[in-house]
Amino acid sequence: MKKITRRSFLTVCGAVAAAAALTACGGSASSAAASSTSTAAGSTASSAAAALSGNVATGGSTSMKNVIAALTEGFAEVEPGVTVSYDPTGSGAGITGATDKTLDIGLSSRALKDDEKADVEGTTIALDGIAIIVNNASKVEDLTVDQLKQMFTGEITNWSEVGSGDGEIVLIGREAGSGTRDGFESIVDVKDSCKYAQELTATGAVISAVEANPLAIGYASLSAVGDTVKMVTVGGVECSEETVKDGSYEVQRPFVFVTNKSVTLSEQAQAFFDFATSADAADLIRTAGAVPVNE
């Protein structure tokens with residue numbers, strides 16, 4: 001069923017009201033018609049005037065790029081007069097922007113710290129589940145976060161050290177600036193210290209590289225992983241939407257909308273916020289590679 005947008009809903013309501021007025025007037029057809037035409041025109045004009053416009057300023061987390069792009073595209077179908085701007089400056093800058101009121105909505109790919117909560121509040125719109133992948137021929141079934149840290153920093157270099165056969169571990173990762181790389185390195189605490197054999201520019205390329213090399217290990221967004229590679233459990237917990245949602249899978253983080261407690265959002269910013277946190281946005285968020293929290 002085609003969704004009715006806010007604009008078309010108001011227009012239809014105006015037309016129905018005009019038709020009701022015409023029927024109720026009975027014999028005064030001429031004056032009723034004129035009145036109805038005027039009413040319908042007025043309703044249409046009011047509908048157009050009621051449509052939202054203006055800009056919603058968002059910024060912060062670079063890892064939320066795909067999610068924000070998907071939400072912006074979906075929101076444009078509902079409110080085409082509203083522009084959502086996005087400045088990818090990092091989570092810290094997103095929180096600061098919401099705090100100093102230069103952003104309507106700050107974006108953070110980490111939970112707010114206690115000392116940041118005085119002026120702003122965070123609303124989690126999605127979760128970023130990052131799967132650890134190995135070749136289908138690998139004997140490894142489970143790794144701990146500490147083992148991952150030692151592997152990706154070069155402290156553990158051979159698969160035999162983590163319960164598999166002999167062979168040098170081949171680390172596959174994303175390029176510098178990748179949101180998935182930033183997420184993985186932040187969670188595992190290996191930021192800027194990984195000893196990658198390959199740094200690739202797309203999730204699909206990472207999956208293909210791991211698929212082709214029995215000694216490889218890498219990471220990818222949960223939604224992108226198929227059966228061409230094997231997802232290992234982390235601390236005995238599989239990576240799935242359910243375990244990401246309930247928090248039992250460790251290699252995950254929240255995607256957060258940050259807003260200032262002392263400021264009432266503009267009508268257009270509130271509309272975007274409501275859209276992004278609604279069940280209607282779940283499929284958009286999932287398509288962008290994240291796990292929706294509202295559906």
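## Cysteines and disulfides

In this predicted model, Cys-194 has a relative accessibility of 15% and therefore counts as buried, since the cut-off for that class is under 20%. Cys-239, at 5% relative accessibility, counts as buried as well. A disulfide is a covalent bond between the sulfur atoms of two cysteines. When the whole structure is searched for such bonds, zero disulfides are found.

## The protein as a whole

The protein has 295 residues, and buried residues make up 45% of them. Its secondary structure comes to ten helices and twelve strands, while its accessible surface comes to about 13900 Å², with 52% of that area belonging to carbon and sulfur atoms.

How are the contacts spread along the sequence, if one takes those between residues at least 6 apart? Among these contacts, 73% join residues that are at least 24 apart in sequence.

## Two nonpolar cores

In soluble globular proteins, nonpolar side chains tend to be buried together. Here the largest nonpolar core has 44 residues, and those with the most contacts inside it are Ile-132, Ile-133, Met-151, Phe-152, Phe-184 and Ile-217. Both strands and helices give two or more residues to this core: the strands are β4 (120–134), β6 (170–174) and β8 (216–221), and the helices are α5 (145–152), α6 (179–188) and α7 (203–212). The largest share, six residues, comes from strand β4.

Met-151 can serve as an example of how a residue of this core is surrounded. Leaving aside neighbours within four places in sequence, Met-151 is in contact with Leu-143, Ile-156, Trp-159, Val-162, Ile-169, Leu-171 and Ile-217. A second core, separate from the one just described, has 27 residues, among them Ile-68, Val-82, Val-84 and Ala-271.

## Gln-150 in helix α5

Gln-150 is found in helix α5, and because its relative accessibility is 17%, Gln-150 counts as buried. The side chain of Gln-150 makes a polar contact of 2.8 Å with the side chain of Asp-146. When neighbours within four places in sequence are left aside, the residues in contact with Gln-150 are Glu-155 and Ile-156. Ile-156 also appears in the list of residues that Met-151 contacts.

## Arg-253 in strand β11

Is Arg-253 buried or exposed? With 6% relative accessibility, Arg-253 counts as buried, and its place in the secondary structure is strand β11, which covers residues 252–260. The side chains of Arg-253 and Ser-109 are joined by a polar contact of 3.4 Å.

The surroundings of Arg-253 come from several parts of the sequence: not counting residues up to four places away, Arg-253 touches Ser-63, Ser-109, Ala-126, Leu-127, Asp-128, Gly-179, Asp-182, Gly-183 and Ile-187.

## Aromatic pairs

A pair of aromatic rings is described by the distance of the centres and the angle of the planes. The structure holds nine aromatic pairs, and one of them is formed by Phe-257 and Phe-273, whose rings are 6.0 Å apart from centre to centre, with 50° between the planes, so that the pair is classed as tilted rather than stacked (under 30 degrees) or edge-to-face (over 60). This pair links distant parts of the chain, for Phe-257 lies in strand β11 and Phe-273 lies in helix α9 (residues 267–276), with the two positions 16 residues apart in sequence numbering.

Phe-257 has 0% relative accessibility and so counts as buried; Phe-273, at 14%, counts as buried too. Ring pairs also link these two residues with Phe-75, Phe-272 and Phe-275 into a cluster.

## Two residues with positive phi

Most residues other than glycine have a negative phi, and most peptide bonds are trans. Which phi value does Lys-101 have? Its phi is near 70°, a positive value in a residue other than glycine. Lys-101 lies in the loop between helix α4 (91–99) and strand β3 (105–108), and because its relative accessible area is 53%, Lys-101 is exposed.

Asp-189 also has a positive phi, of about 65°, although it is not a glycine. Its place is in the loop between helix α6 and strand β7 (198–200). At 52% relative accessibility, Asp-189 counts as exposed, the cut-off for that class being over 50%.

Conventions
Residues are numbered from 1 along each chain as its sequence is written. This is a predicted model: local features need pLDDT of at least 70, side-chain atom pairs count only at pLDDT 80 or more; totals for chains, interfaces and linings use all residues. Side-chain values use heavy atoms; hydrogens and water are left out. Helices (H or I, at least four residues) and strands (E, at least two) are DSSP runs, numbered from the N terminus. Buried means under 20% relative accessible area, exposed over 50%, partly exposed in between (1.4 Å probe, protein chains only). Contact means heavy atoms within 4.5 Å. Accessible areas come from the Shrake-Rupley method with a 1.4 Å probe; for residues, only the protein chains shown count as cover. A polar contact is a pair of N or O atoms within 3.5 Å; within protein, one must be able to donate a hydrogen and the other to accept it, and residues adjacent in sequence count only if both atoms are side-chain atoms. A nonpolar core is a set of buried Ala, Val, Leu, Ile, Met, Phe, Trp, Tyr and Cys residues joined through side-chain atoms within 4.5 Å. A disulfide is a pair of cysteine sulfur atoms within 2.5 Å. Rings of Phe, Tyr and Trp (its six-membered ring) pair if their centres lie within 6.5 Å; planes under 30 degrees apart count as stacked, over 60 as edge-to-face and the rest as tilted.
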